[in-house]
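Welcome! Take a moment to look over the sequence and the model, and then read on for a short guided tour.

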Amino acid sequence: MSASTHDTPGKYFVPQPSHWPLVGSAALLTLAFGAVGSMNSLSWGLPVLAVGFGILLVMLFGWFGAVVRESEGRLYGKNVDTSFRWSMSWFIFSEVMFFAAFFGALGYARLRSVPDLANGVTSMLWPDFAGTWPTAGPHLKEVFSPMGAWGIPAINTALLLTSGVTLTIAHHALIAGKRSKLITWLAATIALGVVFLGLQIYEYIHAYSALNLKLSTGIFGSTFFMLTGFHGFHVTVGAIMLAVILARSMRGHFDAQHHFAFEAAAWYWHFVDVVWLGLFVVVYML
Amino acid sequence: MASIPHDAVHGGHGHDDQHDHHPTGIKRWLTTTNHKDIGSMYLWFSFTMFIVGGIMALIIRAELFQPGLQVVNPEFFNQMTSLHGLIMVFGAIMPAFVGFANWMLPLQLGAPDMAFARMNNWSFWLLPPAAILLVTSMFVPGGSVAAGWTMYPPLTVQQGIGMDLTIFAVHILGASSIMGSINIITTILNMRAPGMTLMKMPMFAWTWLITAFLLIATMPVLAGAVTMILTDRHFGTTFFNAAGGGDPVMYQHIFWFFGHPEVYIIALPAFGVVSQILPAFSRKPLFGYHSMVYATASIAILSFIVWAHHMYTTGMPLAGQMYFMFATMLIAVPTGVKVFNWLATMWRGSITLETPMLFCLGFLFLFTMGGFTGLVLSLTPVDIQLHDTYYVVAHFHYVMVAGALFSAFAAVYYWGPKWTGWMYDEKLGKIHFWWSLIAFNVTFFPQHFLGLAGMPRRIPDYNLQFADWNAVSSIGAFAFGTAQIFFLYIVIRMIAGKSGVRAPAKPWDGAEGLEWTVPSPAPYHTFETPPVVK
């Protein structure tokens with residue numbers, strides 16, 4: 001405990017009691033009830049959801065604020081830095097596994113359930129079902145067009161790949177101590193992310209209005225929107241992370257040795273980037 | 001002293017931790033960052049959920065005492081079987097071992113606390129909200145999840161609002177588990193005392209390192225599976241609907257990709273506890289430490305490639321059945337290595353039979369039996385007969401109760417003196433063991449016969465031919481439940497110091513490890529300066 005008050009950081013850092021975990025739990029409980037209520041069209045659902053979201057925001061600001069102050073107060077030594085690195089790596093691994101479930105669902109649908117419905121023992125149920133991909137399934141009879149790969153998705157791929165480069169330039173600027181260059185390239189990275197999200201929103205509108213491709217368009221719509229939607233959500237989170245890092249950079253936080261928050265956000269951004277490449281190949285191209 | 005302006009989090013008190021100010025009363029427990037406090041909360045939460053889940057089990061057994069419907073209606077019976085499973089797995093057994101990890105890992109590794117002490121508190125305080133959601137689901141129109149703890153669609157897609165509450169409870173439990181596991185894995189990898197190489201770690205730390213990996217790898221997959229159920233329910237997706245090109249069997253694949261490693265998430269820390277206690281009471285070092293580590297890792301890796309042995313009867317090509325059958329049988333090899341090593345540890349040891357050792361021996365016999373029935377069930381042709389019968393129920397209760405739960409009891413008796421500073425009453429502990437052992441076998445051994453004779457599980461009524469053994473099983477269940485109230489009495493007596501015997505720093509003369517170098521009860525802060533391990 002005493003390590004937190006030495007002039008130089010101790011080997012370990014053990015924080016004092018904190019009420020933020022409890023606030024976070026209250027937020028998630030409220031959010032859960034709010035989500036259940038609003039999904040079942042109960043009148044109190046959306047207000048409770050909003051309250052839960054508000055509590056969550058308070059918690060995020062408060063808790064991360066405390067961590068930022070501790071970090072800037074140089075309370076974190078080398079050991080804490082290593083702990084942060086391990087934990088961020090494992091967190092990203094858990095995110096990889098989350099996406100793996102949805103990639104797995106897409107693979108299973110394309111390689112097993114759709115061919116089985118056309119050719120397997122269940123083919124007697126819908127004899128005229130061809131089982132070709134893309135499909136909305138044998139019974140929904142939805143007519144839709146899939147999203148082509150070489151329009152907006154290809155542009156989005158270029159945008160995200162470029163953002164990886166700009167982020168690396170920003171990182172090198174930070175290490176070299178060039179603050180304004182860091183801020184410029186970091187801002188460029190966020191801008192690329194925002195443009196990506198804007199194009200994805202446009203793409204979704206196009207899908208719904210022109211292609212008749214909806215979340216409810218059978219297994220194709222389900223996998224398409226859930227995979228790209230969760231990815232878009234992660235891009236949003238990554239962009240918010242980078243925006244926080246940008247604000248901190250503008251306030252003079254970080255130096256050449258001491259900037260794991262930057263690196264953590266960058267790791268996350270690259271992870272989101274890699275997921276997109278998987279999506280581009282599996283969802284759009286194949 | 002550094003001054004940290006506007007820092008609400010830090011008290012910024014002096015160097016002497018004994019005078020460190022921390023909140024008292026309820027606030028201490030709500031805001032704590034102390035691994036011992038959090039470990040204790042996990043253990044009490046676990047016991048509370050154990051009682052809640054246990055009452056549900058007794059409702060099931062009361063209904064099954066006689067054929068016909070007499071105690072509850074079938075809908076409620078289905079809710080009981082489902083919630084009993086969910087609560088015991090996620091609410092009782094997993095938090096118990098996380099509680100042991102919180103208490104013991106920093107002490108065993110020579111660390112001052114867990115790597116992320118605040119997040120540690122959040123991991124715990126996410127459990128009560130999840131429990132609230134699960135319990136609330138019983139009181140909404142349509143009731144709680146009634147499709148079994150595995151939550152298979154299409155039933156779970158069709159159920160009422162209680163299913164939504166269950167889905168979000170699972171999400172919150174998953175978040176708690178992932179954060180807890182990241183904490184544990186980081187603590188083990190980065191907070192070990194100087195000189196404690198990975199291959200010098202106590203087996204309990206090793207098993208938790210591998211368990212934490214399994215949790216981080218599989219919990220997000222479960223989150224994905226229940227999210228698909230949620231969107232199928234409310235947003236028109238067709239992941240599990242054949243009319244839209246999906247497949248309910250796909251849910252089973254995704255679920256069991258989580259579900260089978262989950263079995264080892266529960267079993268591996270139990271193996272770790274047993275690997276600590278058997279050497280202590282045999283007064284010999286653990287036989288084959290290295291092979292234990294490799295066997296644990298092998299079990300973990302194999303657990304990812306055997307999931308569909310839960311699905312032999314739900315439709316799979318013959319080649320798939322063959323593959324999953326042989327892959328599953330392979331797990332018996334590293335498990336056999338472990339059982340062999342435990343037996344070899346005791347061989348020619350100077351064995352005494354205190355309560356922790358008794359529970360470990362009970363574990364060894366009964367868990368091995370559960371393993372053997374598992375091997376029987378791994379055989380596709382046999383499983384097609386036994387799937388969803390009471391044979392399966394008997395099998396996994398031998399693994400979960402006589403395996404994981406007995407080892408948790410052993411851990412409480414073994415480490416309890418370190419936590420409380422008092423010895424438990426040895427005589428009462430032995431009574432608890434024999435009472436539990438006999439009641440457990442009376443409850444679950446007959447279920448093998450019932451299952452082989454064809455009694456299906458998750459059904460509130462049964463054919464008259466099954467009546468006798470069901471009556472026996474129900475009597476055993478109530479005896480087992482009562483034994484656990486007796487266990488609570490023993491623990492409260494230990495905490496209150498009613499045995500009158502103060503625990504020395506090392507109450508077991510054969511025990512090894514850093515946890516025995518600190519006084520009993522362990523001071524609030526330990527190992528602020530890391531010890532050096534030679």
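What percentage of the 534 residues in chain B do buried residues make up? The answer is 60%, where a residue is called buried if 20 or more other C-beta atoms lie within 10 Å of its own, exposed if 12 or fewer, and partly exposed in between, with C-beta atoms placed from the backbone.

Before going further, a word on what you are seeing. This is a predicted model, in which local features need pLDDT of at least 70 and side-chain atom pairs count only at pLDDT 80 or more, while totals for chains, interfaces and linings use all residues. Residues are numbered from 1 along each chain as its sequence is written, and chains are lettered from A and ligands numbered from 1 in the order in which they are written.

**Confidence**

For the complex, the predictor reports an ipTM of 0.95 and a pTM of 0.94. Chain B has a mean pLDDT of 94, with 96% of its residues at 70 or more; pLDDT is the predictor's confidence in each residue, from 0 to 100. Residues 1-19 of chain B have a pLDDT below 50, and beyond near neighbours in sequence this stretch has 28 contacts in the model. Two residues are in contact if their C-beta atoms, placed from the backbone, lie within 7 Å.

**The two chains**

Here are some overall values for each chain.

| Chain | Helices and strands | C-alpha extent along principal axes |
|---|---|---|
| Chain A | seven helices, zero strands | about 75 × 45 × 30 Å |
| Chain B | 17 helices, zero strands | roughly 70 × 60 × 45 Å |

Helices (H or I, at least four residues) and strands (E, at least two) are DSSP runs, numbered from the N terminus. Along its sequence, chain A reads α-α-α-α-α-α-α. Of the 286 residues in chain A, 39% count as buried.

Chain B has a radius of gyration of 23 Å, which agrees with the value near 24 Å for a compact globule of 534 residues. This radius is taken over C-alpha atoms, and the globule rule is 2.2 Å times the number of residues to the power 0.38.

Contacts also link distant parts of each sequence. In chain B, 81% of the contacts with a separation of 6 or more are between residues 24 or more positions apart. In chain A, 68% of the contacts between residues at least 6 apart in sequence join residues at least 24 apart.

**Where the chains meet**

How many residues of chain A are in contact with chain B? There are 62, and they touch 69 residues of chain B. On chain A, helices H1 (20-39), H2 (45-72), H3 (78-119) and H6 (218-250) each supply at least two residues of this side. H3(A) gives the largest share, 22 residues. By class, the side of chain A that touches chain B has 35 nonpolar, 24 polar and three charged residues. Here Ala, Val, Leu, Ile, Met, Phe, Trp, Tyr, Cys and Pro count as nonpolar, Asp, Glu, Lys and Arg as charged, and the others, Gly among them, as polar.

**Domains of chain A**

Chain A is assigned domain 1 (1-76) and domain 2 (77-285), with bounds that come from an automatic or database domain assignment. Their centres, taken over C-alpha atoms, are 26 Å apart. Nine residues from domain 1 of chain A and seven residues from domain 2 of chain A take part in the contact.

**A helix in chain B**

Helix H10 of chain B covers residues 289-302. Its buried residues are Met292(B), Ala295(B), Thr296(B), Ile299(B), Ala300(B) and Leu302(B). They pack against helices H8 (203-234), H9 (248-282), H11 (318-330) and H12 (332-346) of chain B.

**Local details**

Trp133(A) and Pro134(A) are joined by a cis peptide bond with omega about 5°, and Pro134(A) sits in the loop between H3 and H4 of chain A. In chain B, the peptide bond from Ser520(B) to Pro521(B) is cis, with omega near -10°.

Ser41(A), in the loop between H1 and H2 of chain A, has a positive phi near 55° without being a glycine. Ser41(A) counts as exposed because it has 9 C-beta neighbours inside 10 Å. Arg458(B) also is not a glycine and has a positive phi of about 60°. Arg458(B) is partly exposed, because 16 other C-beta atoms lie within 10 Å.

Methods:
Expected span 1.5 Å × (residues − 1).
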